[in-house]
Amino acid sequence: MFTYQAISNKSNASAACLELYEQLHTTNTDIILFFCSSLFDLDVVAQQMQTLFVDKTCLGCTTAGEFAGNGYETQTIVAVGFNPNYFSFSYSYVEDIQNFSLIDAQKVMQYLHADLKRKAMAPIATQSFIVSLVDGLSSAEEEFLVNFDTATQNFPHFGGSAGDDQGLNQTFIYYDGQFKTSSAVIIMFNTSLKFSVFSTHHVLASVQKLIVTDADPKTRQVFEINGEPAAEVYANTLGMNVDQLEPEVFSIHPLAVKVRGEYYIRSIQRVNKDFNSLSFYCAVDVGIVLNEVQLTDINTPLRELLEYKQNGLGSPAMVLGFDCFLRRLEVTEKKLEKDTRQLQKNFNLIGFNAYGEHLNGVHLNQTFTGVFISKELHND
């Protein structure tokens with residue numbers, strides 16, 4: 001086995017952790033990544049994960065949903081272990097992403113590289129990738145990722161922003177036996193297996209352009225679009241009233257910026273209590289052009305991309321992925337669960353529904369971003 005997967009849907013936190021332990025404790029792994037519904041008693045989860053897996057490195061985060069090869073899950077814990085015969089790793093915890101500087105980024109990367117160098121099993125320069133898990137309600141992901149990207153030395157880097165089951169209250173990163181906010185964990189893997197980091201979305205084309213005329217970039221709040229109340233303008237473009245706007249609507253009718261010919265969705269988080277402004281999951285600022293976009297079938301681009309990876313790299317051992325929770329809402333709204341479940345099963349997808357995705361220093365929304373890990377060895 002190259003990787004090991006576990007899932008528990010028991011509602012009791014202690015029982016769920018024990019079930020994960022029963023599935024993983026005899027496996028050959030030194031590190032476990034786990035993704036956990038925020039609806040569990042997190043203090044119990046933290047204590048149990050530290051006690052049960054005392055001989056392993058456990059890192060993780062809370063989620064807005066989970067998946068482990070058999071469709072979307074709710075109120076579960078999913079976990080994945082990596083066989084040390086094929087993977088080595090180093091990791092670093094960032095306690096305060098709000099004040100993460102360029103110098104901090106360089107120190108983190110120097111440590112990751114030096115630590116991995118001692119135990120690498122394949123050429124570090126070509127056979128390594130970086131995974132980041134970040135507090136998803138910190139409003140600091142952009143600056144954190146940009147600063148970290150300056151130090152990554154062009155290693156492929158992807159990740160996900162933690163969720164809290166659409167509560168929009170607090171999201172947590174798990175490190176050293178505790179769930180913590182305003183933080184991040186960064187893991188650098190080296191592997192002898194073929195792999196490819198990727199991201200995909202299902203934006204087809206722009207329908208119309210909307211210009212942000214008043215906004216607060218720090219809070220990601222947009223007050224006006226085209227000189228009018230933002231929520232009202234957005235609702236009018238859809239032929240709806242403001243009080244009809246909800247996450248399911250945001251998932252099916254996203255807004256996106258276009259940079260060098262590529263669309264980057266800027267997902268709406270909520271209509272604020274003033275019923276005039278909109279809050280976003282990603283960076284927004286005065287003057288940016290938001291495109292109302294047309295979407296294609298949500299599963300087709302991901303399926304085609306994974307088939308392309310499979311043709312080039314061989315059958316997947318696993319696809320570790322971070323899938324925006326708004327994509328999950330769209331799948332549910334359009335009743336595409338069966339197709340999505342088959343896609344996850346065919347390519348052994350495991351991961352969680354995120355409040356944002358990371359790719360090489362860019363904070364993304366409404367994407368599926370991850371790493372395709374092959375069963376085939378890389379040949380030097």
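Helix axes here are lines fitted to C-alpha atoms over the stretch in contact, and angles run from 0 to 180 degrees between N-to-C directions. On that basis, helices α1 and α2 pack at an angle of about 30°. The model is predicted. Its other features covered below include a six-stranded open sheet with mixed pairing, a helix packed on that sheet, and a hairpin formed by β14 and β15.

**Helix pair α1 and α2**

- Helix α1 spans residues 13-24 and helix α2 spans residues 42-52; their axes lie 9 Å apart.
- Angles under 35 degrees count as roughly parallel, so α1 is roughly parallel to α2.
- The crossing of α1 past α2 is right-handed.
- On the α1 side, the contact uses A13, S14, C17, L18, L20 and Y21.
- On the α2 side, V44, V45, Q48, M49 and L52 take part.
- By class, this contact has nine nonpolar residues, two polar ones and no charged ones.

**Six-stranded open sheet**

- The strand order is β5-β4-β23-β22-β26-β13, and the pairing is mixed.
- Strands β5 (72-73) and β13 (193-200) are at the edges; each has a single partner strand, so one side of each lacks a neighbour in the sheet.
- Strand β4 (residues 66-68) runs antiparallel to β5, and two bridges join them.
- E66 has E73 of β5 as its bridge partner.
- Helix α8 (residues 325-333) packs on this sheet.
- The α8 contacts take in β4, β5, β13, β22 (316-324), β23 (349-354) and β26 (368-377).
- The direction of α8 makes about 90° with that of β22.

**Strand β14 and its partners**

- Strands of a sheet pair through backbone hydrogen bonds, either parallel or antiparallel.
- Strand β14 (residues 203-216) pairs with β21 (residues 289-295) in the antiparallel sense, over seven bridges.
- In that pairing, A205 stands opposite Q294 of β21.
- Strand β14 also runs antiparallel to β15 (residues 221-225), with four bridges joining the two.
- D214 has E224 of β15 as its bridge partner.
- Four residues separate β14 from β15 in their hairpin.
- R220, in the turn of that hairpin, has a positive phi of about 60°.

**Annotated domain**

- An unreviewed UniProt entry places the feature "domain: FIST" at residues 28-229.
- Over residues 28-229, the chain is 18% helix and 44% strand.
- The end C-alpha atoms of this stretch are 56 Å apart.

Technical notes: Residues numbered from 1 in each chain as written. Predicted model: local features only at pLDDT ≥ 70, side-chain atom pairs only at ≥ 80, totals over all residues. Heavy atoms only, no water. Pairing = 2+ DSSP bridges. Contact = heavy atoms within 4.5 Å. Parallel < 35°, antiparallel > 145°, perpendicular 65-115°, else oblique. Left-handed = near helix turned anticlockwise from the far one by under 90°. Nonpolar A, V, L, I, M, F, W, Y, C, P; charged D, E, K, R; others polar. UniProt positions renumbered as here; feature names shortened; annotations may be inferred.
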